[in-house]
Amino acid sequence: MRLRTAAIALAAATLTPLALTAPAAHAATAAVPYDFNGDGRTDLAIGAPDATVDGHAKAGAVSVVYGGAGGPNTSARTLITQNTTGVPGAAEAGDAFGAAVASADLNTDGYADLLVGVPGEDVTGDAGSGTAVVVWGSKSGLSGARSLFSFFDTDYDHYGQAFATGDFDDDGDPDVVVGSTGPITLSVVNGPITRTGAHNGGSGSRYGLSSPGVTHLTSADVPGDGRGPVALHSLAEQTGDAATSLADLRIGNYTDWLQRMPAGYVSAAGDIDGDGHPDFAVGNDRETSADAGGAKGGKVTVVYGGPEGLDADRAPLVLTQDTAGVPGASETGDRFGSGVGVGDIDGDGYADLAVGAAGENDGAGAVTVLYGSASGLTTEGNQYYTQNTAGVPGASEDGDLFGARVVLTDHTGDGRADLSLSAPGENSGDGSVWSLRGSANGLTTTGSLSFGTGTTGVSATGTPHLGSVLGG
Ligand SMILES: [Ca+2]
Ligand SMILES: [Ca+2]
Ligand SMILES: [Ca+2]
Ligand SMILES: [Ca+2]
């Protein structure tokens with residue numbers, strides 16, 4: 001497989017070498033992503049791009065539930081649509097607001113900000129050109145927004161269908177990389193991105209098949225650096241199978257220096273073996289009949305990081321439900337790897353892995369948790385959850401798709417990652433979200449909770465599929 005790429009540099013249109021006004025206050029400490037109110041607890045962004053908004057089908061919504069001592073605190077949430085005061089644009093049918101979310105403290109004021117993709121938005125007569133919105137964090141939570149810069153809007157569509165953040169130009173503030181379809185599928189927007197400021201340049205390039213474009217992006221956080229590599233997901237030109245590569249966006253013409261990764265549709269990153277280099281878990285939930293890189297029932301491949309991105313000397317770890325020590329058995333349509341999350345559940349310094357299998361048991365769905373160690377991921381102490389697991393709210397039903405998306409971040413503020421997961425098929429397509437707490441002994445169902453459209457404020461009209469996108 002050869003990847004055709006073309007890098008197109010964009011000159012900074014407004015070069016302002018010297019700031020003319022002194023900053024109003026000393027620089028705040030950069031916030032943890034998704035901690036929008038800066039209270040030390042990660043908040044949960046729940047996307048429902050299929051949600052009806054004021055009668056407009058699939059206009060899309062994002063509900064943010066703020067972290068609390070007991071996990072996501074459903075009494076403190078903000079519902080955001082394009083009809084929310086301060087958010088650019090207006091909710092229209094098919095906008096798909098919330099089809100992708102990401103977070104970083106883009107204006108470096110100490111509060112994480114939220115990026116929301118609106119890939120179905122029509123822009124000045126260009127149907128489905130797409131746009132992206134930045135919603136600002138503050139002590140009282142999210143409020144106010146602006147559009148993210150869009151440099152090549154005549155050359156692409158579905159801008160904002162994927163995001164990642166990181167300091168890609170090495171100047172100390174977060175930048176954003178955006179996925180789209182068309183001749184340019186990957187755009188970098190240089191930060192800082194401020195409430196009223198002009199843009200600071202960027203670049204555009206081509207990765208993968210132009211029709212689906214860049215469909216998923218995962219940036220890795222290198223501890224103490226913040227300048228990790230980015231996993232790029234698309235489809236290969238020749239086969240149409242998943243194509244995934246690692247890029248270092250600090251390098252000019254970075255698409256010439258791609259490292260090939262196991263091919264999949266989603267990924268998550270964290271330091272599973274505690275060696276200081278981020279590792280990646282790549283999910284490919286397709287059967288081999290649909291994707292040569294898939295597996296019966298789906299699979300997840302863990303690739304370990306090294307000083308130069310991926311550790312070429314270390315064999316990737318392939319996990320299926322037929323892998324010794326992994327619960328269950330691989331059956332056609334299980335979709336193991338539909339969602340992946342990486343975070344340190346037990347606080348031992350090794351990141352752990354959650355894998356969703358949305359197709360398990362006729363689409364009821366399941367989630368498997370595996371733990372990190374100095375020698376890498378281990379099956380020892382693994383856990384397996386469905387809605388029929390004692391202590392997990394709800395009951396498993398065909399088509400719930402429990403585990404379609406999984407996220408491991410610390411919502412309680414105790415330093416241990418909690419598991420958030422969604423079942424977008426729950427209640428005939430309404431969708432629901434679950435939260436299970438991390439502890440020193442691993443994940444526990446004690447205090448687990450579940451909530452849906454009513455609690456999050458998302459309209460249950462049609463099939464909103466709440467949680468078809470999750471960020472935290
Ligand atoms: Ca918070
Ligand atoms: Ca901010
Ligand atoms: Ca590592
Ligand atoms: Ca751990």
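Start at Ala-231 and select Leu-246 with it: Leu-246, in strand E15, is the bridge partner of Ala-231. The model is predicted, so local features need pLDDT of at least 70 and side-chain atom pairs pLDDT 80 or more, while totals for chains, interfaces and linings use all residues. Residues are numbered from 1 along each chain as its sequence is written, chains are lettered from A and ligands numbered from 1 in the order written, and side-chain values use heavy atoms, without hydrogens and water.

**The four-strand sheet**

Widen the selection to strand E14 (residues 230–235) and strand E15 (residues 242–247). Six bridges pair E14 with E15 in the antiparallel sense. Strands here are DSSP runs of at least two residues, helices (H or I) of at least four, both numbered from the N terminus. Two strands pair if DSSP finds at least two bridges between them.

Now add the rest of the sheet. Its order is E13-E14-E15-E16, it is open, and the pairing is antiparallel. Strands E13 (216–219) and E16 (259–260) are the edges; each has a single partner strand, so one side of each lacks a neighbour in the sheet.

**Strands E5 and E6**

Move to strand E5 (residues 101–104). Val-101 and Ser-103 point one way, Ala-102 and Ala-104 the other, and all are buried. Buried means under 20% relative accessible area, exposed over 50%, and partly exposed in between (1.4 Å probe, protein chains only). Next, select strand E6 (residues 113–118): E5 and E6 run antiparallel, joined by four bridges. One pair to click is Ala-104 with Asp-113 of E6.

**Calcium ion, ligand 1**

Which residues coordinate the calcium ion (ligand 1)? Select Asp-35 (OD), Asn-37 (OD1), Asp-39 (OD), Arg-41 (O) and Asp-43 (OD, listed twice), at 2.3 to 2.7 Å. Donors are N, O and S atoms within 2.8 Å of the metal (3.2 Å for Na, K and Ca); water is not among the atoms, so sites may look incomplete. Along the chain the donors of ligand 1 follow D-x1-N-x1-D-x1-R-x1-D.

Angles among the six donor atoms of ligand 1 are 51 to 167°, and the site is irregular. Four donors count as tetrahedral if all angles lie between 85 and 135 degrees; four count as square planar and six as octahedral if opposite donors are over 155 degrees apart and all others between 65 and 115; anything else is irregular. Asn-37 has a relative accessible area of 15%, so Asn-37 is buried. Asp-43, at 0%, counts as buried.

**Calcium ion, ligand 3**

Jump to Asp-271 (OD), Asp-273 (OD), Asp-275 (OD), His-277 (O) and Asp-279 (OD, listed twice): they coordinate the calcium ion (ligand 3) at 2.2 to 2.5 Å. The spacing is D-x1-D-x1-D-x1-H-x1-D.

Why is the arrangement around ligand 3 irregular? Because its six donor atoms subtend angles of 53 to 165°. Asp-273 counts as buried at 6% relative accessibility. His-277, at 24%, counts as partly exposed.

**Calcium ion, ligand 4**

Select Asp-344 (OD), Asp-346 (OD), Asp-348 (OD), Tyr-350 (O) and Asp-352 (OD, listed twice), which coordinate the calcium ion (ligand 4) at 2.2 to 2.5 Å. The donors of ligand 4 are spaced D-x1-D-x1-D-x1-Y-x1-D. This site is irregular, with angles of 53 to 166°. Asp-344 and Asp-346 are buried.

**Last stop: Glu-426**

Select Glu-426, in helix H2 (residues 426–429). Leaving aside neighbours within four places in sequence, its contacts (heavy atoms within 4.5 Å) include Gln-387, Glu-397 and Trp-434.
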